[in-house]
Amino acid sequence: AGTRTFTMIKPDAYGSGNTGAITKMIEEAGFGIKAMKLTHLSAGRAGQFYAVHKERPFYNDLVTYMSSGPIVAMILEKDNAVEDFRKLIGATNPADAAEGTIRKIFATSIEANAIHGSDSDENAEIEGSFFFSGLEKF
Ligand code: CMP
């Protein structure tokens with residue numbers, strides 16, 4: 001029971017074979033997986049997903065990176081899901097991430113930072129709906 005958040009295992013973490021290890025950490029932290037999909041974003045779709053960042057200097061590199069290989073999208077459920085998941089993944093820059101967080105363990109740079117987590121309940125709903133139809137979100 002509880003609230004939902006949205007996550008993506010990013011191309012660096014998928015490509016280095018860490019999908020299983022990251023998913024295990026997510027489940028062991030008490031999150032239920034409500035939807036899950038392996039997919040590969042085109043540059044156009046990645047650009048749409050990150051449209052909120054389009055004026056940022058890192059936007060073009062981010063779009064190139066996020067369309068460079070497969071990602072694993074998931075909708076997760078837990079009490080206090082958005083906040084607790086952001087604690088589990090750690091700071092955006094792995095250099096600043098706390099010990100034991102997913103980004104500290106698996107991320108390689110501020111861009112290739114292994115995993116995404118929604119920053120609000122509203123964005124969790126928007127981002128989940130970007131990848132999953134109503135029928136897939138049981
Ligand atoms: P995330 O917070 O999931 O969504 C925005 C992404 O942009 C972020 O993860 C990083 O992958 C990337 N990003 C954020 N800040 C920077 C930065 N300063 N330089 C490069 N990439 C960044």
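How many helices and how many strands does the chain have? In this predicted model, the chain has seven helices and four strands, and from the N terminus on these elements run in the order β-α-α-β-α-α-β-α-α-β-α. The radius of gyration of the chain is 14 Å, close to the 14 Å that the globule rule gives for 138 residues, so the chain is as compact as a globular protein of that length. Along the principal axes, the C-alpha trace spans about 40 × 35 × 25 Å. Buried residues account for 34% of the 138 residues in the chain, and among contacts between residues at least 6 apart in sequence, 71% join residues that are at least 24 apart.

As regards the confidence of the prediction, the chain averages a pLDDT of 97, with 99% of the residues scoring at least 70, and the model as a whole scores ipTM 0.92 and pTM 0.96. An unreviewed UniProt entry lists residues 2-136 under "domain: Nucleoside diphosphate kinase-like". Over these residues the chain is 41% helix and 19% strand, and the C-alpha atoms at the two ends are 18 Å apart.

The surroundings of the ligand were examined next. The residues around the ligand are His 53, Phe 58, Leu 62, Thr 92, Ile 110, Glu 111, Asn 113 and His 116; by class, this shell comprises three nonpolar, four polar and one charged residues. Under "binding site", the unreviewed UniProt entry lists Lys 10, Phe 58, Arg 86, Thr 92, Arg 103 and Asn 113, while under "active site" the unreviewed entry lists His 116.

His 116 is placed in strand β4, which covers residues 115-117. With 22 C-beta neighbours inside 10 Å, against a cut-off of 20 or more, His 116 counts as buried. When residues up to four places away in sequence are not counted, His 116 touches Thr 7, Met 8 and Lys 10. The last of these, Lys 10, is listed by the UniProt entry under "binding site" and lies in the loop between β1 (3-9) and α1 (11-15). Lys 10 is likewise buried, with 24 other C-beta atoms within 10 Å. Leaving aside neighbours within four places in sequence, the contacts of Lys 10 are with Met 66, Ile 71, Ala 112, Asn 113, Ala 114, Ile 115 and His 116.

Thr 92, which is among the residues around the ligand and is also listed under "binding site" in the UniProt entry, has its place in the loop between α5 (81-89) and α6 (102-106). Thr 92 is partly exposed, because 16 other C-beta atoms lie within 10 Å, a number between the limits of 12 or fewer for exposed and 20 or more for buried residues. Apart from neighbours within four places in sequence, Thr 92 is in contact with Ile 110 and Asn 113, and both of these residues are themselves around the ligand.

Away from the listed sites, helix α5 offers a further example of a buried position. Val 82 is placed in helix α5 and is buried, with 20 other C-beta atoms within 10 Å. Not counting residues up to four places away in sequence, Val 82 touches Thr 3, Thr 5, Ser 118, Ser 120, Asp 121 and Ala 124. For one of these pairs, Val 82 and Ala 124, the separation is 42 residues in sequence and 7.7 Å in space, C-alpha to C-alpha.

Two residues were noted for their backbone conformation. Asn 80 has a positive phi of about 55° although it is not a glycine, and Ala 114, also not a glycine, has a positive phi of about 75°. Asn 80 is found in the loop between β3 (71-78) and α5, whereas Ala 114 is found in the loop between α6 and β4. As to their environments, Asn 80 counts as exposed because it has 11 C-beta neighbours inside 10 Å, while Ala 114 is buried, with 27 other C-beta atoms within 10 Å. Ala 114 is also one of the residues in contact with Lys 10.

Technical notes. Residues numbered from 1 in each chain as written. Predicted model: local features only at pLDDT ≥ 70, side-chain atom pairs only at ≥ 80, totals over all residues. UniProt positions renumbered as here; feature names shortened; annotations may be inferred. Near = placed C-beta within 6 Å. Nonpolar A, V, L, I, M, F, W, Y, C, P; charged D, E, K, R; others polar. pLDDT = per-residue confidence, 0-100. Contact = placed C-beta atoms within 7 Å. Rg over C-alpha atoms; globule rule 2.2 N^0.38 Å.
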